[in-house]
Amino acid sequence: MSTAEFEIIPIDPFDKDLVDSLIDAKRAVQAHDFPDFALPSPVVERLRLLLVADSIKVERWLAVADGQVLGYAQLDMPAKDNLHMVDLSLEVRPEHRRRGIGTRLLEHVERRAAELGRDTVITYATESLQDVVRLDESGRHFAAARGYPVVESEILRRNVLADVDEDELDRLYAEAWKKAEGYELIEWVGEAPDEVAEGLAHLNARMWTDPPTGDMDIRPAVYDVARLRDEERALLGRGVLRLGAVVRDPESGEVAGFTVIVVDPGGEAEAVQGDTIVDPKHRGKRLGTILKIANQRQLRRYRPMLRYVITWNSEANDHMIGINEAVGYRRYLRELIVQKKLA
Ligand SMILES: CC(C)(COP(=O)(O)OP(=O)(O)OC[C@H]1O[C@@H](n2cnc3c(N)ncnc32)[C@H](O)[C@@H]1OP(=O)(O)O)[C@@H](O)C(=O)NCCC(=O)NCCS
């Protein structure tokens, strides 16, 4: 098929054929760009089109020819804070690359961003770690060609659960509790208990600006219990399994840190390690290690056959990386974060 003639249209989530073609495109991209990872599930992709938290506005644009989706752009736009930015995913089917589709989609995204009053576009590109695996690096070349400098660099790590040395984790866990005596561990599945919601909201806000962010233009978040509950509900509505843990200082009742792992509905291979943070007042007491090990074990109880967990860390985040390596995560690829300030 010729790609000379294609149009850019918004997605209609109820257009079955178009959504099928989008899912097919996403699966083709994943199989080509990340061959060792689970393919996007049709169920999950459909639910994502329908259920989004209030804290984010989403626009999706498709490059379509003869009813087939050749490429797509998703603009995630924070709605409560960071009103200046667009968090972009942009992908073109492997067999249709280098024909200008990415460029046309990106021009469209930048036009939409400007119309919506947003002046910063942030997106992501893969760089292979030469000693691990060679992956397609088109995104990195494309970003450079389109005026998107690298502003931060993260490593994606993967923890293959069958390879974890559980005896070593037992040892680490026991050691860690010696330094964390008095703290209380609270775990949950789904919605966090009311007693920790306030503290969780506070730490969720910090998560935006506490970890290293390089030269990314990220600004403080506005986060309260209502937002926390709404974001939880959006995930639960999509059938996501959400496993969380906090450590709490029982004296003050303060939530000192939290971590969360999510698994998509029907996902039999992959879990994603989401945010983890320990409040600066409580650092240096191995709370991060406790949270990570406890929640990883909670995941193993709920999904014993699951194969691996993935997570991303800034290359500058030595403490988090140290904990992740200790609990079994290993480097897999480098993700470059690229950013353009629109004139
Ligand atoms: C990045 C991506 C969207 C580009 O889509 P595309 O339709 O192939 O892009 P274009 O044809 O418009 O490419 C524009 C320019 O980018 C550069 N470029 C794109 N891919 C490249 C590659 N593999 N190697 C070198 N330069 C490349 C070139 O300068 C190209 O112009 P040219 O073909 O005239 O030399 C596509 O490769 C993709 O889906 N990659 C995986 C997802 C991804 O990395 N997205 C993040 C983008 S920051």
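## A tour from the ligand shell outward

Start at the ligand: strand S4 (85–92), helix H3 (101–115), strand S5 (120–128) and helix H4 (138–145) each contribute at least two residues to the shell around the ligand. The model on screen is a predicted one.

**The ligand shell.** Select the ligand and the residues around it, which number 21. Those that come nearest are Gly 102, Thr 103, Ser 138, Gly 139 and His 141. Colour the shell by element next: H4 gives the largest share, with six residues. Colouring by class instead splits the shell into nine nonpolar, seven polar and five charged residues.

**S4, H3 and S5.** Keep S4 and S5 selected and show the backbone. The two strands run parallel and are joined by three bridges. To find one of the pairings, pick Asp 87, whose bridge partner in S5 is Ile 122. Now add H3 to the selection: the chain leaves S4, passes through H3 and arrives at S5, a β-α-β crossover that is right-handed. When choosing side chains to display on a strand, recall that in a regular strand they alternate between the two faces of the sheet.

**S5 and S12.** Hold S5 and add strand S12 (residues 330–341). This pair is antiparallel, with nine bridges between the strands. Centre on Thr 120 and look across to S12, where Lys 341 stands opposite.

**The whole chain.** Zoom out and show the cartoon for the full protein chain, which contains nine helices and 12 strands. Its C-alpha atoms fill a box of roughly 65 × 40 × 35 Å along the principal axes. The radius of gyration is 21 Å, which agrees with the value near 20 Å for a compact globule because that is what 343 residues would give.

**Two domains.** Colour residues 7–148 as domain 1 and residues 159–332 as domain 2. Between their centres, taken over C-alpha atoms, lie 27 Å. Which residues meet across the boundary? On the domain 1 side 21 residues are in contact with 22 residues of domain 2. Two elements, helix H2 (42–50) and S5, give two or more residues to the side of domain 1 that touches domain 2. H2 gives the most, four residues. By class, this side of domain 1 has 12 nonpolar, five polar and four charged residues. S5 is worth a second look here, since the strand supplies at least two residues of the ligand shell and also two or more to the side of domain 1 that touches domain 2.

**The S9–S10 hairpin.** Move to strand S9 (residues 254–263) and strand S10 (residues 270–278), which pair in the antiparallel sense over five bridges. Select Ile 261 and its bridge partner in S10, Gln 273. Then follow the six residues between the strands and stop at Gly 266, which takes a positive phi near 80°.

**S10, H8 and S11.** Stay on S10 and add strand S11 (residues 308–314): the two run parallel, joined by three bridges. Glu 270 stands opposite Tyr 308 in S11. To close the tour, trace the chain from S10 through helix H8 (residues 287–302) to S11, a β-α-β crossover that is right-handed.

Key. Residues are numbered from 1 along each chain as its sequence is written. This is a predicted model: local features need pLDDT of at least 70, side-chain atom pairs count only at pLDDT 80 or more; totals for chains, interfaces and linings use all residues. A residue is near a molecule or strand if its C-beta atom, placed from the backbone, lies within 6 Å of it. Ala, Val, Leu, Ile, Met, Phe, Trp, Tyr, Cys and Pro count as nonpolar, Asp, Glu, Lys and Arg as charged, and the others, Gly among them, as polar. Two strands pair if DSSP finds at least two bridges between them. A crossover is right-handed if, with the strands pointing away from the viewer, the path from the first strand over the helix to the second runs clockwise. Domain bounds come from an automatic or database domain assignment. Two residues are in contact if their C-beta atoms, placed from the backbone, lie within 7 Å. The radius of gyration is taken over C-alpha atoms; the globule rule is 2.2 Å times the number of residues to the power 0.38.
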